[in-house]
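Dear colleague,

I am handing over the structure below, and after it I set out what was found in it. Please keep it open beside this message as you read.

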Amino acid sequence: MSGEKSLMSRFGESDFFYSFKRSPVTLVSFAVVLLLILLAVFADLVAPTNPFDVGSLNLMNGFTPPMQPNAFTGEVFFLGTDDQGRDLLSAIIFGLRVSLFVGLTAVAFAMLLGVSLGLWAGYRGGWVDSLIMRAADIQVTFPSILIAMLIFGIARGLLPPSMRDELAISVLIISIGLSEWVPFARTVRGTTLVEKEKEYVQAARLIGLGSGQIMLRHILPNVLSPVLVIATITLALAIIAEATLSFLGVGAPPTEPSLGTLIRIGQDFLFSGEWWILIFPAATLLALALSVNLLGDWLRDTLNPRLK
Amino acid sequence: MLLIIFRRLGQSIFVLFLVAFVSFMMFRYVGNPVDNLLGQEATVEQRDALIEALGLNDPLHEQYFGFVVRALQFDFGNSYRGALPVADMILERLPATLELALVSAILAMLVGTLLGIYTAIRRDGFLANFIMSSSLIGVSLPTFLIGVLLIWLFSVELGWLPSFGRGETVQVGFWSTGLLTVSGLKSLVLPAITLGLYQMTLIMRLVRAEMLEILRQDFIRFARARGLSERVVYFGHALKNTLVPVITVAGLQLGAIVAFAIITETVFQWPGVGLMFINAVFFVDIPVMSAYLLLVGTLFVVINLIVDLLYLAIDPRIRDGQLKRQNS
């Protein structure tokens with residue numbers, strides 16, 4: 001690792017990048033995830049229409065099958081339209097944005113919470129450690145989707161009815177985040193226990209640094225690499241959790257439909273033969289969840305074989 | 001040994017009280033029981049009478065104690081919607097959920113174990129590889145999507161199986177069963193597959209990994225050298241040794257099956273407790289939510305306790321390990 005080489009070329013020669021190049025499955029999943037993220041970020045530019053602009057909807061366009069001209073207006077929609085004549089492709093792109101936003105922020109929240117608690121538990125030890133780890137033990141005996149549903153239900157009960165739809169997305173993020181913090185905390189605590197015995201931490205303590213500074217500036221950077229792996233795997237879980245809650249009708253509000261909401265709407269039209277309203281959002285969700293899962297598996301095997 | 005069992009028991013009871021405390025706090029502080037029971041037009045006297053009758057003026061620990069005692073007598077108060085006793089609602093719907101959960105658990109264990117053995121024996125076969133790679137998709141597919149896709153294929157396109165409800169049920173005492181009628185059994189097929197698929201792939205992968213590990217060991221080689229048939233080696237010697245972890249995981253997954261029953265029941269409009277819970281979340285029906293939490297929490301704690309104790313009884317290594325930790 002000579003200092004003259006740029007960061008890019010060092011990355012290009014690393015084992016990490018080599019194993020990435022050599023795995024076609026990983027390349028494809030990375031491309032899919034990247035494409036979906038770009039679609040979601042630039043939804044306003046990419047989507048043919050704005051699905052929330054009620055004025056632009058034409059009820060005559062309702063139930064247009066994909067790639068076929070509508071019987072009344074003659075308009076063609078790439079993926080067809082739903083019952084209200086909304087372009088399905090646009091609805092999916094905007095739904096993708098909601099799904100990814102909720103998934104990513106929920107994971108960020110879970111990560112922040114889990115890493116801080118794990119760091120604190122590992123460094124302080126004693127009753128702090130016992131308390132946090134017992135809480136984690138109890139929480140993992142319950143499936144996280146159940147915990148997310150309960151927190152969502154309680155939050156709905158605490159909020160006045162007028163604010164429920166408005167805050168639904170934030171409540172969703174918090175409940176999914178709170179249900180996924182345990183793996184972060186456990187891993188970080190484990191590595192912290194090892195790191196805090198090392199000489200550099202003792203040295204930091206000797207020169208009189210406070211424990212907050214030691215935890216954040218010295219230990220934290222050394223415990224982060226498994227966190228990345230867990231974050232990727234948790235992202236897949238969070239996306240599925242959000243889709244599930246929205247599908248059950250207790251997640252994203254009707255004004256901000258996510259992929260799960262679109263699938264729930266599509267299910268209603270399955271029996272009347274309008275299969276595309278269901279299948280295209282479902283395929284998008286599957287592609288997203290599967291690619292993130294595969295990326296997570298590859299990251300785990302490459303960065304930290306021990307976690308397997 | 002006895003000490004470990006007592007400690008484990010104490011832990012479970014503590015967790016149970018914790019679960020009860022959370023459901024009590026929900027019951028007491030989320031939403032307003034008085035407003036929900038009386039409505040807008042009640043007079044102040046009526047409100048005070050109800051507050052007194054519900055014991056909401058008592059000290060908190062007495063209220064909590066009362067809540068636990070009433071829960072032990074299976075009294076969870078009345079639902080905010082429809083004002084039915086929650087206990088009756090649960091009793092009416094519990095058979096549906098338990099039948100669904102049991103059938104999917106058995107399905108998952110049987111098919112999962114068989115597929116696991118097959119993929120381990122034919123490790124490089126085409127079919128085994130195909131099963132392994134499709135199981136990855138099975139793990140990534142959310143439960144509700146599996147259900148919806150099954151409905152699309154088998155109910156809408158092929159028209160073979162019903163897409164919702166339990167079909168005809170037969171009343172056996174207080175238990176209404178769908179297992180005795182043709183339409184009941186037909187209605188059970190798709191929900192049971194939906195609910196069991198994830199657990200099935202999990203058990204399959206576990207059995208496969210354990211089998212591969214054990215097939216490498218010396219006693220298998222000796223069994224082959226003794227001239228035993230392949231079938232005896234696989235099923236008599238190898239399979240037996242894979243069962244401890246499989247039973248553990250299957251036991252723990254029983255809890256997950258109950259939780260995921262919420263999703264399956266919603267997809268198939270299956271009239272069980274899961275559907276009741278999700279409706280309660282939607283309409284903020286706090287007594288139903290709190291009773292459900294208490295019920296499922298108890299179930300989980302009991303399952304975990306049984307699995308742990310079984311593990312202690314079956315595997316001497318864990319028993320000794322725990323003893324050593326305690327003595328040091």
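Which residues does Y292(B) touch, not counting residues up to four places away in sequence? Y292(B) touches V273(B), F277(B) and A280(B), where two residues are in contact if their C-beta atoms, placed from the backbone, lie within 7 Å.

This is a predicted model, in which local features need pLDDT (the predictor's confidence in each residue, from 0 to 100) of at least 70, side-chain atom pairs count only at pLDDT 80 or more, and totals for chains, interfaces and linings use all residues. Residues are numbered from 1 along each chain as its sequence is written, while chains are lettered from A and ligands numbered from 1 in the order in which they are written.

As for confidence, chain B has a mean pLDDT of 79, with 91% of its residues at 70 or more, and the model scores ipTM 0.77 and pTM 0.82. Within chain B, the mean is lowest, at 54, in helix α13 (residues 316-327) and highest, at 86, in α5(B); helices here are DSSP runs (H or I, at least four residues), numbered from the N terminus.

Where the chains meet, 28 residues of chain B are in contact with 33 residues of chain A. The largest share of chain B's side, six residues, comes from α7(B).

Helix α5 of chain B (residues 86-121) has 36 residues, which at 1.5 Å a residue should span 52 Å (1.5 Å times one less than the number of residues), and its end C-alpha atoms are 51 Å apart, which agrees.

Best wishes

Technical notes
Helix = DSSP H or I, 4+ residues; strand = E, 2+ residues; numbered from the N terminus.
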